[in-house]
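Got your viewer open and a hand on the selection tool? Here is a tour, stop by stop, with what to pick next and what you'll find there.

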Amino acid sequence: MRQALPFDDDKLHEECGVFGVFGLPDAAALTALGLHALQHRGQEGAGIVSYDETARRFHSDRRKGLVGDAFSREDIIAGLKGASAIGHVRYSTAGGSLQRNVQPMFAELSSGGLALAHNGNLTNAHVLHDELVAQGAIFQSTSDTECILHLTAMARQPTLVDRLSEALRQVEGAYSLVCLAPGMLIGVRDPLGVRPLVLGKLDGAHILASETCALDIIGAQYIRDIAPGEIITIGKDGMKSYSPFPPMRKRFCIFELVYFAGASSMVEGISVYEMRRRMGGELAREAPVDADVVVPVPDSSVPAAIGYAEASGIPFEFGIIKNNYVGRTFIEPQDSIRHLGVKLKHNANRAVVRGKRVVLIDDSIVRGTTSKKIVQMMRDAGAREVHMRIASPPTMNSCFYGVDTPERSKLLAAQMPVEEMAKHIAADSLAFVSIDGLYRAVGETHRARNAPQFCDACFTGDYPTTLTDQAAGASGVQLSLLAERT
Ligand code: SF4
């Protein structure tokens, strides 16, 4: 779980994780467990909607905070009756961290109730919102996801799948969805497959989840990834697959493999941990340095540091020790508190770094604020030299596909060349893995320049969709003047 990660204030944050189960007793309890495994994908809010076939009723509970806090009480889980459920964890930017933005969202359509949980971000939500409001739609939230519900409600198609397909043909951007309707669980992945969604099975019942780690926690077997552009429906008569969108070249988010996905997850049969280790290996080959010890910035950079150590022959050591018992200081926005948080949550391991030439391995640099503090922490602990090596290319561009990124002007790599960045963070040297090195680590020979195999826009600026809201000058869906009371 990544909720109290020490240096997390200067990371990109995944916004959401989704989970769904159809046809198992204790569906809500299983969903809570699945969400717990996906907690690294969002820590601001969690929600579960269940459907009770006998009473023909939906039950919903959405709360701010961590899954363990929100859904650890038996009475809460007991109230979420039924043998099917979907859930969502959220780290918000689109729409802000309001209680009413916590998903799954729910709407009564003419065909019956529909609950929807979304991982990703729509790049034309603002424009769609304005069009929908002009047509009389009344929005309940400030989330882009609500556009999908409105468009589905307004679609003139005979079946729910057709209505959802019609709605999704109007949206741009990234979406992995799990939806719950009476007697039906639905999973959808956008035509580019930017965000992950996997299918599993437990006791003959189907499970949907953002990552395989959520299958593992409940003992479910991984079946396959949902294909880009695929809609699957799961009901009493089994599973059906639809391909309602024109086929497109897949552009899975490569940053999932660098940082967002849980290290224990498998993506299309390949271990995320292994890919990160290979990123470290590529980094060592591309950016070697004479040093005495390889130190990971915990926890997310540990596999890359192991890979760097293996490839370079320099010993790996835990030169920074994390305190696991510190609260969520880093969610606080004030710089002063963040600064305090670093000191509270980490200690340099003096015995390991004193008098040594240290190679610090991190997975990314966003603003550079934390890198500066870590380098200083190593020097304060007596490190003779501090060389920083980053297991991804420089993060130069904002993400519009469901990741909380600062605007471009706040990204350190967008402001200065690497040599200046090194001076800025006061490191003796700084180097990043190349884009081709990153592609090699994830199983390609290189980045295909005219047909890249992944979305890598935060490194290259090559966005795989049009950015309609950006072009229209909208910075996000700003819908509400209502103050939220929670
Ligand atoms: Fe992932 Fe970066 Fe693309 Fe966003 S821009 S989807 S973080 S690769």
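Start by selecting Pro104, which sits in the loop between β5 (84-90) and β6 (105-109). Helices here are DSSP runs of H or I with at least four residues, strands are runs of E with at least two, and both are numbered from the N terminus. Add Gln103 to the selection: a cis peptide bond joins Gln103 and Pro104, with omega at about 5 degrees.

Before moving on, a word on what you're looking at. This is a predicted model, in which local features need pLDDT of at least 70 and side-chain atom pairs count only at pLDDT 80 or more, while totals for chains, interfaces and linings use all residues. Residues are numbered from 1 along each chain as its sequence is written, and side-chain values use heavy atoms, with hydrogens and water left out.

**Backbone oddities**

Now pick Pro298 and Asp299. A cis peptide bond links this pair too, with omega at about -10 degrees. Asp299 belongs to the loop between β18 (293-296) and α10.

Next, jump to Asp26, in the loop between β2 (16-22) and α1 (27-37). Asp26 isn't a glycine, yet its phi is positive, about 60 degrees. Its relative accessible area is 59%, so Asp26 is exposed. (Buried means under 20% relative accessible area, exposed means over 50%, and partly exposed is in between, using a 1.4 Å probe and protein chains only.)

Then select Glu268, in the loop between β16 (266-267) and β17 (270-271). Glu268 also has a positive phi without being a glycine, this time about 50 degrees. With a relative accessible area of 44%, Glu268 is partly exposed. Why flag these spots? Because most residues other than glycine have a negative phi, and most peptide bonds are trans.

**Two helices and a neighbour**

Select helix α4 (residues 125-134) and helix α5 (residues 145-154). They pack at an angle of about 45 degrees, with their axes 10 Å apart. (Axes are lines fitted to C-alpha atoms, for helices over the stretch in contact, and angles run from 0 to 180 degrees between N-to-C directions.) That makes α4 and α5 oblique to each other; angles under 35 degrees count as roughly parallel, over 145 as roughly antiparallel, 65 to 115 as roughly perpendicular, and the rest as oblique.

Which residues make the contact? On the α4 side, show Ala125, Leu128, His129 and Leu132; on the α5 side, show Cys147, His150, Leu151 and Met154. Contact means heavy atoms within 4.5 Å. By class, these residues are six nonpolar, two polar and no charged. (Ala, Val, Leu, Ile, Met, Phe, Trp, Tyr, Cys and Pro count as nonpolar, Asp, Glu, Lys and Arg as charged, and the others, Gly among them, as polar.)

Stay in α5 and click Thr152. Is Thr152 buried or exposed? At 0% relative accessibility, it counts as buried. Leaving out residues up to four places away in sequence, Thr152 touches Leu109, Leu114, Leu160, Arg163, Leu164 and Ala167.

Follow those contacts into helix α6 (residues 160-168): seven of its nine residues are buried, so α6 is largely enclosed by the rest of the structure. The buried ones are Leu160, Val161, Arg163, Leu164, Ser165, Ala167 and Leu168.

**A buried loop residue**

Go to Ile226, in the loop between β12 (221-225) and β13 (231-235). Ile226 has 0% relative accessibility, so it counts as buried. Draw a distance to Leu197: the two are 29 residues apart along the chain, but their C-alpha atoms are separated by 5.7 Å. Apart from neighbours within four places in sequence, Ile226 is in contact with Arg189, Leu197, Val198, Leu199, Leu208 and Ile232.

**The largest core**

Last, show Phe255, Leu257 and Met279: of the 50 residues in the largest nonpolar core, these touch the most other members. (A nonpolar core is a set of buried Ala, Val, Leu, Ile, Met, Phe, Trp, Tyr and Cys residues joined through side-chain atoms within 4.5 Å.) Elements giving two or more residues to this core include α8 (254-260), α9 (272-286), α10 (302-312) and β21 (357-362). The largest share, six residues, comes from α8.

Finish with α9 and α10, which pack at an angle of about 45 degrees, with their axes 6 Å apart. Their contact has eight nonpolar, four polar and four charged residues.
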